[in-house]
Amino acid sequence: MRIALKISTILIVLIGLSNTLLGQKDNVYSNMSLDELLDIDVVITASKKPEDLFETPLSVTILKKEEIQKSGVTSIPEALRLAPGLIVREITPGNYDIQIRGYDDITKNVYVSLPFNTTALVMIDNRIVYSYFSGGTFWETLPVDINDVERIEIVRGPASALYGPNAVTGVINIITCHAKQIGMNASANVVYGSNNAKNVNSSIGYNWKDKTKLSFSGNFTERYRFENTYFDYNTKDYEPLDDLSMFVAPIKNENNNSEYTFKEFQEALGAAYDANLSLRKLGGNLFFSHDFSSHCNIDISTGVQQSQSQKTGFLNFVTPLSQTESQSFYLNSRANYKNLFAQVTINSGHDYSNYKFNSYDFTNIEGSFEYYKQYKAFSFRPGLSYKYLNYNSPLTYNEPFSLNDLNYQLQNSPRKAAIHSGYLLSEWEPTSKLRVIGAIRLDKFDMNKHYFVNYEIASTYRLNKNNLIRYVFSKANKSPFLFDSYLNSTLKINVDYIDEENNATAQIPVKLNINGQDNLRFPTITSQEVCWRAKLGANISIDLELFHSSVKNFVNPNVYRRYSVVQHLDEFGEVDSVLSVNVTGNVLFENYDLTAKQFGAGFTFKFKINEHFSAKLFGTVQKTKIYGRKDIDFETTSIEVDANTPDDILALVVSTKMNPTQWSENLTPTVFGGFLVTYKTKENWNFSIEGYRCSSQQFASYNYYQLVDDASIEKAKVEMNINSTIILNSKINYHFNKRISANLSVRNLLGERRDYGFADQVDRLILVGVKWKL
């Protein structure tokens, strides 16, 4: 059965290659042995069709089900530590931030107080799972779990020409498996560990002669924190929940300008914390597929998820961690008839924060249609796509939301947006050794006047069956988000006013209008890669890549203030005293004239001594630099004098601008990578050890509401250095028979560590599991 499956896989690969290539006398595949053909890895994400991983022009890694199971990882985000080029940080136990090659602090906006990845596109069976409210992928809301995964395909480098906006640094495509064996399929896996960690997943399905497949799967995960304190921006230390203070304190009473305390703010919002819970998620899925013929099939999946997580968020005026409860439903249907491909997806639900004004309901609908045509050495794949977005948030209504009144109420006034896209993917294979791919895509968001153009050109040249070189040039855009485009809120706070003449400081109430803009340009990355792949022996391979990229079109709020100052003058015309000060302001999202550049190299080295022992070593070295105005500065834009005042009164109106940039070159680690070593005895034992390393990083955040002059910068700044970390994990697995196995896994062998600034320490986990498979 296994040999037959591998042979059928090879046939798929060969069919995916051009007819011209197959007809060449010097075809590299005709010179391969049967063992070499059976060892071909198939990848789909790189060019939207099955092909030999060795031949793909992009930087691609496949994480197979077998490798994932051997490693002992307990979640999809944790499994991504097995892939090169990925920065995987655990924020709180079970909650992750994942970046591809970095740029994590470069392309965020200032309201995301800590960086979430908004530049990598995540898909499940080609279904995009991405929040268009503020950007990013919320991993805890994925309805599938590690048990559902057949393989994960990771594309490093811009891929928006293939998959649309937000594939700026790459694509992660999670491909599910279901009912692979003919007849009944069933499995169950239970894992329990220290700190009350739990993982339970199961599936059941039936395969009717590989023509029709139907299966159900379910999963449950629970993780608890190893500490119950929270980072306080004011004390710059970790404090018990009841001792936290407001780092931005809205005024609660305009009569005396008194400010909210943390407890008052909590009570006004009902923002309860479960200081112990880190993650609880429950998901269920149904998968159905049917092959009407060899040229016609349909694939339908649907599912639900419910999750609670404690992680970093935005607009939390107290501490970086906030809690979110999410529920969602999805339906994904794909069909193809001969060379026609169609897909329709629906995703609907809500994300509710314990800070209720951050909550929203959403419904996303997307449809795409593609046609594939092969003509001799050329192939063409044009396509059209339409996406409908519907997000209902108090922060984006026409009536400004007051962060002082906290009049939270979801209304039936959602923001709606449509995205129209057209694209073309083409290939030219003049010889069996040379291959050129070109792709271009045009996206139009009806909430933005700009057209977003993405393109890619890639080429491979196969020197021989064991050596290949490739080159990629690409451009990709990050998309507009509802938050950046339609944010509409007000905030009244006290700020320090410094009277330099009298060496005095007073607190002055300031009302700020905080608004997005709907016609901004968004971060655009241009990238080049030069790479070499080689098979150094029957069981040894190496992949080397050099990459250089640049980013422009930064987006960040600027703060505009207007000071109305009335001063009393003495007999000499000098300022005697300040009679009144009134301050108003606007916080407005705008483009910045900055450029970031990144240069780096990566490698993957695999070797297999025999059928019992295999190893993989991988790493990335990179350097990111920012060019342009990146420091916080203050500018007086105008001074107006009121001439209609008495001689001893001076009335001034002073307008200022402040750019609270928070971008840093030091957040992305310079070096990151890891290894996986597995050993299988002749009997029933499997052993694995896995390692992952990130060099040091610096997290920084500013309370920019309190930035009024150069002297206030250091006071408003909070930073935390994350030292270089090494993560070691191990797993021992014993098979009692073909159906039942037991395992012991130790995660984080070296003990407690902190991956993410201002978030949690993560400690050692010891997990015991039992797996049954029909």
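In the predicted model examined here, both Glu529 and Arg101 are buried, and the side chains of these two residues meet in a salt bridge with an N to O distance of 3.1 Å. Glu529 belongs to strand β31 (residues 524-537), whereas Arg101 sits in the loop between β5 (95-100) and β6 (120-124), so this pair ties together parts of the chain that are 428 residues apart in sequence. Side chains of opposite charge can pair in this way when their charged atoms come close. The two residues also take part in a network of salt bridges, in which Arg101, Arg156, Arg470, Glu529, Arg533, Asp543 and Glu545 are linked.

Another salt bridge between members of that network is formed by Arg470 and Glu545, whose closest N and O atoms are 3.8 Å apart. Because Arg470 lies in strand β28 (residues 467-477) and Glu545 in strand β32 (residues 540-552), the pair ties together parts that are 75 residues apart in sequence. Arg470 has a relative accessibility of 3% and therefore counts as buried, and Glu545, with a relative accessible area of 5%, is buried as well.

A salt bridge is also formed by Glu254 and Lys492, with the closest N and O atoms 3.8 Å apart. This pair links distant parts of the chain, since Glu254 is found in the loop between β15 (251-253) and β16 (258-259) and Lys492 in strand β29 (residues 488-499), 238 residues apart. Here the two partners fall into separate classes of accessibility: Glu254, at 55% relative accessibility, lies over the 50% limit and so counts as exposed, whereas Lys492, at 18%, lies under the 20% limit and so counts as buried. In total, the count of salt bridges in the model comes to 36.

Attention turns next to the pairing of strands around β17. Strand β17 (residues 277-293) is joined to strand β12 (residues 212-224) by 13 bridges, and the two strands run antiparallel. Within this pairing, Asn219 has Gly283 of β17 as its bridge partner. Strand β17 also pairs with strand β18 (residues 296-312), again in the antiparallel sense, over 14 bridges, and in this second pairing Leu286 stands opposite Thr302 of β18. The connection from β17 to β18 is a hairpin that passes through two residues.

One residue of β17 can be followed in more detail, namely Ser278, which lies in this strand. At a relative accessibility of 0%, Ser278 counts as buried. When residues up to four places away in sequence are not counted, Ser278 touches Thr92, Pro93, Asn95, Arg223, Tyr224, Arg225, Gln308, Ser309 and Gln310. Among these contacts, Arg223 and Tyr224 fall within the residue range of β12, while Gln308, Ser309 and Gln310 fall within that of β18.

The nonpolar interior was considered last. The largest nonpolar core holds 103 residues, of which Phe265, Phe317, Tyr355, Phe357 and Tyr705 touch the most other members. For Tyr355, leaving aside its neighbours within four places in sequence, the residues in contact are Phe262, Phe265, Leu269, Ala271, Tyr273, Asn316, Val318 and Ser322. Apart from this core lies another one, of 34 residues, and its members include Ile87, Leu142, Val149 and Ile154.

Notes:
Residues are numbered from 1 along each chain as its sequence is written. This is a predicted model: local features need pLDDT of at least 70, side-chain atom pairs count only at pLDDT 80 or more; totals for chains, interfaces and linings use all residues. Side-chain values use heavy atoms; hydrogens and water are left out. Two strands pair if DSSP finds at least two bridges between them. Helices (H or I, at least four residues) and strands (E, at least two) are DSSP runs, numbered from the N terminus. A nonpolar core is a set of buried Ala, Val, Leu, Ile, Met, Phe, Trp, Tyr and Cys residues joined through side-chain atoms within 4.5 Å. Buried means under 20% relative accessible area, exposed over 50%, partly exposed in between (1.4 Å probe, protein chains only). Contact means heavy atoms within 4.5 Å. A salt bridge is a side-chain nitrogen of Lys or Arg within 4 Å of a carboxyl oxygen of Asp or Glu.
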